[in-house]
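The following exercises are meant to be worked with the coordinates open. Each task is followed by a solution that goes step by step.

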Amino acid sequence: CQLPAKVTTHVSSEEFKEMDAKKTLALHVTLHTSVENVGSFLEAVLRSAFPTSFWGSIHNFRQVLRTVRVFTKLGRTEQIPEKAIVEGIRVLDMTWLLPTSHKHR
């Protein structure tokens, strides 16, 4: 999600105070990253940060991605219920969560 080369991202607080409403809006619009790009970035982070075995199954990884995409589409003050975060996750697929005695069944 690179910013255009012409955009100056470092604006001092004094410069920001002196900007009129049009310039301020233009700065914010220019620095905007689409929800889709944010979702794709987070997917890439999850893929690289956690090994495939962490998720237990492709199904679980896809469920997490769905939840992440829903979360990124929420408004600033909206919340996602805790139950929705784990909905659809197959805990038994995550063999690393099982006690040692149950792993070989």
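## Exercise 1: Overall make-up

Task: Establish how many helices and strands the chain has, and what share of its residues is buried.

Solution. The chain has six helices and zero strands, and the model to which this assignment applies is a predicted one. Read from the N terminus, the order of the elements is therefore α-α-α-α-α-α, with helices counted as DSSP runs of at least four residues. For burial, the cut-off is a relative accessible area under 20%, and the buried residues make up 17% of the 105 residues in the chain.

## Exercise 2: The salt bridges

Task: Find the salt bridges in the whole structure, and decide which residues are linked in a network.

Solution. Step one is the search itself, which finds two salt bridges in the whole structure. As general background, side chains of opposite charge can pair when their charged atoms come close.

Step two takes the pair within one helix: the side chains of E43 and R47 meet at 2.9 Å, N to O. Because E43 and R47 lie four residues apart in helix α3 (residues 35-49), about one helical turn separates them.

Step three takes the pair formed by R69 and E43, whose side chains also meet in a salt bridge of 2.9 Å, N to O. This pair links distant parts of the chain, since R69 belongs to helix α5 and E43 to helix α3, 26 residues apart.

Step four joins the results: E43, R47 and R69 are linked in a network of salt bridges.

Step five assigns an exposure class to each member. E43 has 19% relative accessibility and so counts as buried, R47 has 52% and so counts as exposed, and R69, with a relative accessible area of 27%, is partly exposed.

## Exercise 3: The largest pocket

Task: Determine the volume of the largest pocket, the residues that line the largest pocket, and the element that gives the most to its lining.

Solution. The principle is that rolling a probe the size of a water molecule over the atoms shows where empty space is left. For the largest pocket, the computed volume is about 230 Å³.

The lining consists of F54, W55, V64, T67, V68, I80, I85, V86, I89, V91 and M94. Two or more of these lining residues come from each of the elements α4 (52-55), α5 (58-73) and α6. The most is given by α5, with three residues. Sorted by class, the lining has 10 nonpolar residues, one polar residue and no charged residues.

## Exercise 4: A surface patch and an exposed arginine

Task: Locate the nonpolar surface patch that contains W96, and then classify R62 as buried or exposed.

Solution. The patch is made by V91, W96 and L97, and its area is about 290 Å². W96 is placed in the segment after α6 (82-86), and because its relative accessible area is 42%, W96 is partly exposed. V91 also appears among the residues that line the largest pocket.

Turning to R62, this residue is found in helix α5. Its relative accessibility is 52%, so R62 counts as exposed, the cut-off for that class being over 50%. Finally, R62 and I89 are 27 residues apart along the chain, and their C-alpha atoms are separated by 9.3 Å.

Note on methods:
Residues are numbered from 1 along each chain as its sequence is written. This is a predicted model: local features need pLDDT of at least 70, side-chain atom pairs count only at pLDDT 80 or more; totals for chains, interfaces and linings use all residues. Side-chain values use heavy atoms; hydrogens and water are left out. Patches are made of residues with over 30% relative accessible area and no salt bridge: like charges are joined within 9 Å, nonpolar side chains (Val, Leu, Ile, Met, Phe, Trp, Tyr) within 5 Å. Accessible areas come from the Shrake-Rupley method with a 1.4 Å probe; for residues, only the protein chains shown count as cover. A salt bridge is a side-chain nitrogen of Lys or Arg within 4 Å of a carboxyl oxygen of Asp or Glu. Buried means under 20% relative accessible area, exposed over 50%, partly exposed in between (1.4 Å probe, protein chains only). On a 1 Å grid over the protein atoms alone, a cavity is a set of points where a 1.4 Å probe fits but cannot get out, and a pocket is an open set with protein on both sides within 12 Å along at least five of seven lines; lining residues have an atom within 4 Å of a point. Grid points are joined across faces, edges and corners, and a volume is the space filled by probe spheres set on the points. Ala, Val, Leu, Ile, Met, Phe, Trp, Tyr, Cys and Pro count as nonpolar, Asp, Glu, Lys and Arg as charged, and the others, Gly among them, as polar.
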